[in-house]
Amino acid sequence: MKILIATDKPFAPVAVNGIRTEVEKAGHELVLLEKYTEASQLLEAVADVDAMIIRSDIASKEVIDAAKHLKIIVRAGAGYDNIDLAAATANNVVAMNTPGQNSNAVAELALGMMVMAARNFYNGKAGTELSGKKVGIHAYGNVGKLVGKIAKGFGMEVLAFDPFVSKEEIEKDGVTVVDSVEALYSACEYISLHIPANDKTKASINFDLLKLMPKGATLVNTARKEVIHEADMIRLMNERADFKYCSDIAPGNAAEFEAFDGRYFFTPKKMGAQTAEANINAGIAAAKQIISFFETGDTTFKVN
Ligand code: 3PG
């Protein structure tokens with residue numbers, strides 16, 4: 001079988017080598033499309049492949065329709081909002097993710113951003129400490145759980161809100177469960193966002209919610225830019241000179257943030273999972289899932 005890695009933002013070479021070893025050991029062929037700049041390059045690359053591994057790359061209906069031999073697509077990572085699942089299903093393509101494999105990288109960056117904001121983005125002025133502050137984990141999945149664990153090492157008090165995880169499961173980690181998003185945002189100086197982007201969550205982090213955060217608040221978003229109500233965020237940054245925003249992905253209206261010098265930070269491309277370790281874990285997991293799908297029909301981690 002021909003397996004394509006299509007990554008606009010490439011894996012670390014050590015991860016690509018590891019994927020290649022797995023793929024070739026199982027008797028398959030690996031092809032690579034990295035740092036592509038045009039959608040047409042992706043359309044061309046998918047034409048004759050049986051499987052593909054992607055990251056935040058957009059697997060649209062057009063891409064999936066063009067991949068006439070495609071049987072499986074694996075998003076090496078957590079969020080699969082970049083795959084048109086209906087198109088995959090309509091074309092008999094199995095879509096999977098690799099949950100948990102890159103979580104530690106994202107969690108470490110979330111805490112790193114909290115430290116950076118607390119220290120005024122390292123501008124030399126006296127900052128504050130994380131110890132003794134409250135961090136609210138908005139969605140207690142693989143990343144949220146790790147953020148809580150690391151935050152405790154900093155001496156932070158950890159609160160969480162997640163209607164999809166039982167209270168008992170969260171509490172056994174020594175985390176305080178609150179019963180509404182409003183309660184979480186009202187209580188915490190730091191909020192770490194870990195919700196997926198879907199029809200219910202898009203633009204849900206709005207002015208009414210953010211304004212509840214205490215004085216000197218910081219929002220850290222390593223989830224998706226789409227969950228932020230971008231116009232509301234600008235309004236809040238204007239009305240609250242004490243508010244800071246950090247994200248591992250630039251918002252659509254990044255240029256408007258220039259007015260808030262010293263209170264925000266973003267990386268232009270999604271960077272939370274951009275470590276050699278996360279690339280190895282997620283990339284090799286994706287390769288193994290594809291190999292085992294071809295060998296035994298295993299559809300663990302299927303999302304469509
Ligand atoms: C994920 O959903 O796993 C993260 O957002 C990482 O995305 P990336 O693979 O594009 O870095």
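In this predicted model, Phe 260 is buried, its relative accessible area being 3%, and Phe 257 likewise counts as buried, because its relative accessibility is 1% and the cut-off lies under 20%. These two residues form an aromatic pair, and a pair of this kind can be described with two quantities. In general terms, two aromatic rings are characterised by the distance between their centres and by the angle between their planes. For Phe 257 and Phe 260 the centres are 5.9 Å apart and the planes stand at 80 degrees, an arrangement classed as edge-to-face. Another pair is made by Phe 293 and Phe 294, where the ring centres lie 5.6 Å apart and the planes are at 55 degrees, so this pair is described as tilted. Of these two residues, Phe 293 counts as buried, with a relative accessibility of 15%.

Aromatic pairs come to seven in total. Phe 257 and Phe 260 also belong to one aromatic cluster, which is formed together with Tyr 245, Tyr 264 and Phe 266. The ring of Phe 207 is involved in a contact of another kind, since the charged end of Arg 235 sits over that ring, 3.6 Å from its centre.

The ligand is surrounded by residues from several parts of the sequence, including Lys 9, Arg 55, Arg 75, Gly 77, Asn 102, Arg 224 and Lys 270. When the residues of this shell are sorted by class, five are charged, four are polar and three are nonpolar. Side chains in the shell come within short distances of oxygen atoms of the ligand: for Lys 9, a polar side-chain atom lies 2.8 Å from such an oxygen, while for Arg 55 a side-chain N or O atom is found 2.9 Å from an oxygen atom of the ligand. The side chain of Asn 102 also has an N or O atom 2.9 Å from a ligand oxygen. On its own, the ligand has 320 Å² of accessible area, and the protein covers 95% of this area.

Attention may next be given to the backbone in the loop between helix H5, which spans residues 103-118, and strand S6, which spans residues 134-138, where Asn 120 has its place. Although Asn 120 is a residue other than glycine, its phi angle is positive, near 55 degrees. Phe 121, in the loop between H5 and S6, is not a glycine either, and its phi is positive at about 55 degrees. Asn 120 is buried, with a relative accessible area of 18%, and for Phe 121 the relative accessible area is 18%, so that this residue is buried as well, the limit being under 20%.

Two further buried residues belong to regular secondary structure. Ala 151 is placed in helix H6, which comprises residues 142-153, and its relative accessible area is 0%, so it is counted as buried. Between Ala 151 and Leu 43 there is a separation of 108 residues in sequence and, from C-alpha to C-alpha, of 43 Å in space. Ser 192, by contrast, is part of a strand, namely S9, which is made up of residues 190-193. The relative accessible area of Ser 192 is 0%, and Ser 192 is therefore buried; its side chain makes a polar contact, at 2.8 Å, with the side chain of His 194.

Definitions and conventions: Residues numbered from 1 in each chain as written. Predicted model: local features only at pLDDT ≥ 70, side-chain atom pairs only at ≥ 80, totals over all residues. Heavy atoms only, no water. Phe/Tyr/Trp six-rings, centres within 6.5 Å; stacked < 30°, edge-to-face > 60°. Buried < 20%, exposed > 50% of the residue type's maximum accessible area, 1.4 Å probe, protein only. Lys NZ or Arg CZ within 6 Å of the ring centre and 35° of its normal. Helix = DSSP H or I, 4+ residues; strand = E, 2+ residues; numbered from the N terminus. Near = heavy atom within 4 Å. Polar contact = N/O pair within 3.5 Å; in protein donor to acceptor, adjacent residues only side chain to side chain. Areas by Shrake-Rupley, 256 points an atom, 1.4 Å probe, with all protein chains shown as cover. Nonpolar A, V, L, I, M, F, W, Y, C, P; charged D, E, K, R; others polar.
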